Each structure stands twice: as C-alpha cells, then as structure tokens.
Amino acid sequence: MTFEEFIMQAREMNASDIHLTVGAPTVVRVNGELVKYQELSDQVVHRTIVSILSAEQEKMLTEGKDIDFSFELKNGARQRVNVFHHGGRLACSIRLLNAKIPQLSDLGLPDVLLDLAKKRRGLILVTGPTGAGKSTSLASMIQHINLTRACHIITIEDPIEYRYDQAKATIHQREIGRDVPTFDYALRSALREDPDVILIGEMRDYETISLAMTAAETGHLVFGTLHTSSASQTIDRIIDVCPSQAKEQVRMQLANMIQGIIAQTLVPTADGKGRCAAVEVMLGTDAIRNLIRTNKITQMESTMQGGTTIGMQTLIESLFRLYKAGKISYATAIEYSNNPTEMEKKLLDG
C-alpha cells in the first residue's frame with residue numbers, strides 16, 4: 001500500500017487524525033476516539049515517516065527538532081503533520097484536513113458568525129482545545145469574506161491548512177518557517193502590505209498579541225486563535241500573558257477592539273456516528289467592553305446570558321439546544337459542560 005492509499009483509506013473511515021509510531025500500533029482518531037488501524041512493522045512506519053520529509057526536514061530532525069508542515073495529495077486533499085522523536089524513535093501525527101472549505105451553515109455554527117465576518121475592523125477570536133475545529137471555523141469565515149468582499153486578506157499560519165481560490169478578495173497565505181520566520185515578524189511585515197483582513201494562526205505570546213491589537217486598532221479586521229475553553233478564560237489568558245507593566249494598556253486595547261469570541265468544542269452525537277460543535281459566543285457589546293475595562297470578567301457569563309437576542313450564548317445554552325434538538329445525549333451535555341450542576345438543573349427545568 002502506498003502512503004497516499006494509506007491516507008485515503010483513513011479518510012474513508014472518517015478519521016480526523018493518524019498516529020504513526022515506531023514501536024507501537026498505528027492508530028486513527030474516529031469521532032474523537034482512538035482506534036487501532038492496522039499492524040505495520042517498525043521498518044515500514046519509519047520508512048513511511050521519512051518518505052514525506054524533504055532533505056532539509058530530515059536534517060532538522062537529526063538535529064533533534066520537531067517538524068511541522070502540511071502536504072497535499074494528488075487529488076488535492078491536504079494534511080497537517082508533526083514529526084517528532086520519542087524514546088529515540090520516530091513518531092508522526094497527521095491531521096486530515098477537509099479538501100473543501102465548508103460553509104458556516106454546514107458546520108452547524110450560529111448565524112451571528114456571518115455578522116462577525118462582515119465587520120471592517122477589530123479583533124475576532126476563535127478558541128477551544130486542540131481538535132475542536134477552530135481552523136475549519138476560521139477558514140469558513142475567511143472564505144465568506146473571500147466570496148463577498150473585494151479586499152486584501154493576509155493569513156499567517158503554521159503550517160498553512162486550507163488553500164483559498166481567490167474570488168472577490170486578493171489573498172496571500174504565508175507559512176511560518178517557509179515564507180517567514182515567526183508570527184510577530186510576519187505581523188510586522190503584514191502591516192506594511194496594505195491588508196484589510198489578517199488571520200493569525202495562533203496568538204502564542206505577548207509580542208504577537210500586542211501586534212494583533214495594534215493591527216486591529218489601526219483599522220484592520222484581525223482573526224486569531226487561542227487554546228482556551230471559554231470567552232472569560234480567553235480574556236484572562238491574554239491579560240496574563242502580558243508583562244505587568246503592559247497589562248492595563250492591553251486591557252484597554254482589548255476592551256476597545258474586541259468584536260467577538262467564539263469558544264467551541266466538538267461533542268459526540270447521540271447516534272454515535274459523529275460529532276457536532278457546541279459553541280459559546282461572546283460579542284463586543286458596550287456592556288462586555290465595560291466588564292473588560294473594569295476587570296470584572298467573572299460577570300461576563302451573566303451578561304452573555306442576557307444577550308441571547310443579539311446572538312450571544314453560553315456553552316451551557318449551546319449544549320442545552322443541542323440536547324433539545326436530539327443531537328446529543330443528556331449525559332454528553334453534562335460531561336462537556338463547564339458547570340455540570342448548572343447544566344443538570346437547566347436540563348431538568350427545560
């Protein structure tokens with residue numbers, strides 16, 4: 001079996017990830033669960049991993065560095081790959097990406113995300129744990145802009161996951177390590193490249209966050225991701241990353257610039273055949289901005305509960321709606337809630 005056939009077989013199983021490990025069984029992730037794939041010898045696994053590396057990447061690997069990259073099959077299907085050592089042996093994690101960028105409606109995401117994509121300036125964050133579908137949601141929002149607005153979009157990614165066919169927008173996609181050395185370097189450069197929309201693959205550190213704020217402040221629409229599980233946690237994480245002397249300034253900038261935070265996670269469906277998105281949505285209303293400005297983040301959830309008519313919702317509300325629609329089970333709603341006691345009360349009262 002060729003490596004391409006191996007990937008396609010995993011795709012036919014509706015796998016989202018493949019884990020190749022020398023000295024361990026090959027496994028794939030299907031509907032969030034790891035299952036054994038097939039028995040491959042250590043020699044075959046090692047050879048398979050090495051076969052997808054360039055000479056330069058092989059050299060980096062021998063120097064003890066992990067390798068992040070994406071690659072494309074002949075049919076256009078794209079994969080995101082991380083190659084690393086464990087116990088002196090090779091291992092590889094492969095994320096199987098959608099060949100086609102789905103529409104937001106296909107993902108079951110709230111309509112308010114389309115409204116956010118129409119904004120002309122400010123900061124929009126999509127957050128959640130690894131494997132929560134952040135990249136796909138962002139790609140859908142960027143694609144909506146691409147199809148509806150004549151503007152200049154710059155994406156900064158590590159690595160590039162989705163390729164866009166230019167429609168109304170002009171799009172430049174820059175990959176860390178190949179086109180540009182770091183996120184902050186790429187962001188500094190982007191501000192001199194006449195962008196209207198900037199996508200930052202991950203806001204990892206203070207410098208990147210600071211530059212993202214500056215970009216949003218100077219009239220650009222900036223999208224970014226963080227590995228946080230709620231809107232309030234996202235605000236706290238951004239402030240915590242900043243040095244003490246910059247915290248107050250960043251808090252003011254964030255209060256002025258935030259347009260919305262979408263915190264999502266994928267939960268198993270009731271039929272056991274897939275997963276669906278549970279989504280918390282916070283919008284940058286005057287009330288929310290004031291809570292950020294005055295450091296009253298703990299009050300944010302109650303404000304979101306009162307903003308359902310304009311599209312805001314808490315994770316508990318999202319899980320409740322999925323349960324009422326028959327998409328997820330009672331047990332799943334409680335398991336994935338950030339407050340099981342409150343979730344159970346809402347389910348019983350509902």
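In which loop is Asp194 found? In this predicted model, the close-up views below take up that residue together with the sheets, a helix pair and a pocket.

**View 1. Two local backbone features, at Asp194 and at Pro159, each lie in a loop.** Asp194 is found in the loop between α6 (183–190) and β10 (197–200), and its phi is positive, about 55 degrees, although the residue is not a glycine. The second feature is a cis peptide bond that joins Asp158 and Pro159, with an omega of about -5 degrees; Pro159 lies in the loop that runs between β8 (152–157) and β9.

**View 2. Six strands make up an open antiparallel sheet.** The strands follow the order β3-β2-β1-β6-β5-β4, and the edges are taken by β3 (33–36) and β4, each of which pairs on one side only. From one strand to the next the twist averages 25 degrees. Helix α2 (residues 42–51) packs on this sheet, where it touches β1, β5 (78–86) and β6 (89–96), and the direction of α2 makes about 60 degrees with that of β6. Within the sheet, strand β1 (residues 15–21) and strand β2 (residues 27–30) are joined over four bridges in the antiparallel sense, and His19 stands opposite Val27 in β2.

**View 3. An open sheet of seven strands shows mixed pairing.** Its order is β9-β8-β10-β11-β7-β12-β13. Since β9 (170–175) and β13 (275–283) stand at the edges with a single partner strand each, one side of each is left without a neighbour in the sheet. Neighbouring strands are turned against each other by 15 degrees on average, when direction is ignored. An instance of parallel pairing is that of strand β7 (residues 122–127) with strand β11 (residues 221–226), which extends over six bridges; Leu125 stands opposite Gly224 in β11.

**View 4. Helices α8 and α12 lie across strands of the seven-stranded sheet.** Helix α8 (residues 231–241) lies across β7, β11, β12 (258–268) and β13, and runs at about 120 degrees to β12. Helix α12 (residues 315–324), for its part, lies across β12 and β13, running at about 145 degrees to β13.

**View 5. Helices α9 and α10 pack against each other in a roughly antiparallel arrangement.** The axes of α9 (residues 247–257) and α10 (residues 286–293) come within 8 Å and cross at roughly 175 degrees; an angle over 145 degrees counts as roughly antiparallel, and the two helices are therefore described in that way. On the α9 side the contact involves Glu248, Arg251, Met252, Leu254, Ala255, Asn256 and Met257, which meet Arg289, Ile292 and Arg293 in α10. By class, the residues of this contact divide into five nonpolar, one polar and four charged.

**View 6. The second largest pocket holds about 420 Å³ of space.** Its lining consists of 17 residues, and those closest to the pocket centre are Gln57, Asp68, Phe69, Glu175 and Gly177. Both α3 (55–62) and β4 (67–72) supply at least two residues of the lining, with β4 giving the most, namely four residues. In terms of chemical class, the lining of this pocket has eight charged, five nonpolar and four polar residues.

Note on methods
Residues numbered from 1 in each chain as written. Predicted model: local features only at pLDDT ≥ 70, side-chain atom pairs only at ≥ 80, totals over all residues. Heavy atoms only, no water. 1 Å grid on protein atoms, 1.4 Å probe; cavity = no way out; pocket = protein on both sides within 12 Å on 5 of 7 lines; lining within 4 Å. Points joined across faces, edges and corners; volume = space filled by probe spheres on them. Nonpolar A, V, L, I, M, F, W, Y, C, P; charged D, E, K, R; others polar. Axes fitted to C-alpha atoms, helices over the stretch in contact; angles between N-to-C directions. Parallel < 35°, antiparallel > 145°, perpendicular 65-115°, else oblique. Contact = heavy atoms within 4.5 Å. Pairing = 2+ DSSP bridges.
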